[in-house]
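Good morning, and thank you for making time for this item. I would ask you to look at the model on the screen while I go through its helices, their packing and their charged side chains.

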Amino acid sequence: MEPEAFIDPRLPLIDLHRHLDGSVRLETVIELADRQGIELPANTVEGLRPHVVVDGKAESLMDFIGRFRYLTAILHDLD
């Protein structure tokens with residue numbers, strides 16, 4: 001039996017795997033970057049969004065990974 005046969009389309013989709021760096025609010029990214037002296041491509045949520053959010057499908061794996069560079073830059077210490 002094919003794997004698709006086990007998925008009931010009536011059930012809601014859920015997140016099974018989510019990383020911390022992909023779950024940080026953009027307001028928090030801006031605040032922490034400012035506090036840590038990290039330069040961002042924009043200092044507003046709407047300006048930063050196209051640089052860090054994958055909306056739909058990324059152009060490539062490197063495009064997808066590249067969107068995390070600012071998020072991981074702010075997550076470098078316990079604070």
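I begin with the packing of two helices. Helix H1, residues 26-36, and helix H2, residues 45-52, pack with an angle of about 100 degrees between them, and their axes lie 10 Å apart. Please bear in mind that this is a predicted model. Two packed helices are described by the angle between their axes and the distance between the axes. Angles from 65 to 115 degrees count as roughly perpendicular, and H1 and H2 are therefore roughly perpendicular to each other.

Which residues make this meeting of H1 and H2? On the H1 side they are Leu26, Glu27, Val29 and Ile30. On the H2 side they are Val45, Leu48, Arg49 and Val52.

Let me stay with H1. Its buried residues are Leu26, Val29, Ile30, Leu32 and Ala33. These buried residues pack against H2 and also against helix H4, residues 69-74. After H1 comes glycine 37, which has a positive phi, near 70 degrees.

I now place these elements in the whole chain. The protein chain has 4 helices and 0 strands, and its pattern along the sequence reads α-α-α-α. It comprises 79 residues, of which 22% count as buried. As for contacts between residues at least 6 apart in sequence, 47% of them join residues at least 24 apart. The chain exposes about 6,700 Å², and carbon and sulfur atoms supply 56% of that area.

Next, the charged side chains. How many salt bridges does the structure hold? It holds 4, and I shall discuss some of them.

In H1, the side chains of arginine 35 and glutamate 31 form a salt bridge, at 2.5 Å from N to O. An α-helix has 3.6 residues a turn, so residues three or four places apart point the same way. Arginine 35 and glutamate 31 are 4 residues apart in helix H1, and so are separated by about one helical turn. Arginine 35 counts as exposed, at 56% relative accessibility, while glutamate 31 counts as partly exposed, at 42%.

In H2, glutamate 46 and arginine 49 are joined by a salt bridge between their side chains, at 3.0 Å from N to O. These two are 3 residues apart in helix H2, so about one helical turn separates them. Glutamate 46 is exposed, with a relative accessible area of 56%. Arginine 49 counts as partly exposed at 34% relative accessibility, and this arginine is also one of the H2 residues that meet H1.

Glutamate 27, one of the H1 residues that meet H2, has a salt bridge as well. Its side chain meets that of arginine 25, at 3.5 Å from N to O. Is glutamate 27 exposed or only partly exposed? With a relative accessible area of 41%, glutamate 27 is partly exposed.

Finally, I turn to a nonpolar part of the surface. Leu61, Met62, Phe64 and Ile65 form a nonpolar patch there, and together they have about 430 Å² of accessible area. Isoleucine 65 lies in helix H3, residues 61-66. At 43% relative accessibility, isoleucine 65 counts as partly exposed.

To close, I return to the starting point: in this predicted model, H1 and H2 are roughly perpendicular, and the buried residues of H1 pack against both H2 and H4. Thank you for your attention.

Conventions: Residues numbered from 1 in each chain as written. Predicted model: local features only at pLDDT ≥ 70, side-chain atom pairs only at ≥ 80, totals over all residues. Heavy atoms only, no water. Patch = residues over 30% accessible without salt bridge, like charges linked within 9 Å, V, L, I, M, F, W, Y side chains within 5 Å. Areas by Shrake-Rupley, 256 points an atom, 1.4 Å probe, with all protein chains shown as cover. Buried < 20%, exposed > 50% of the residue type's maximum accessible area, 1.4 Å probe, protein only. Axes fitted to C-alpha atoms, helices over the stretch in contact; angles between N-to-C directions. Parallel < 35°, antiparallel > 145°, perpendicular 65-115°, else oblique. Contact = heavy atoms within 4.5 Å.
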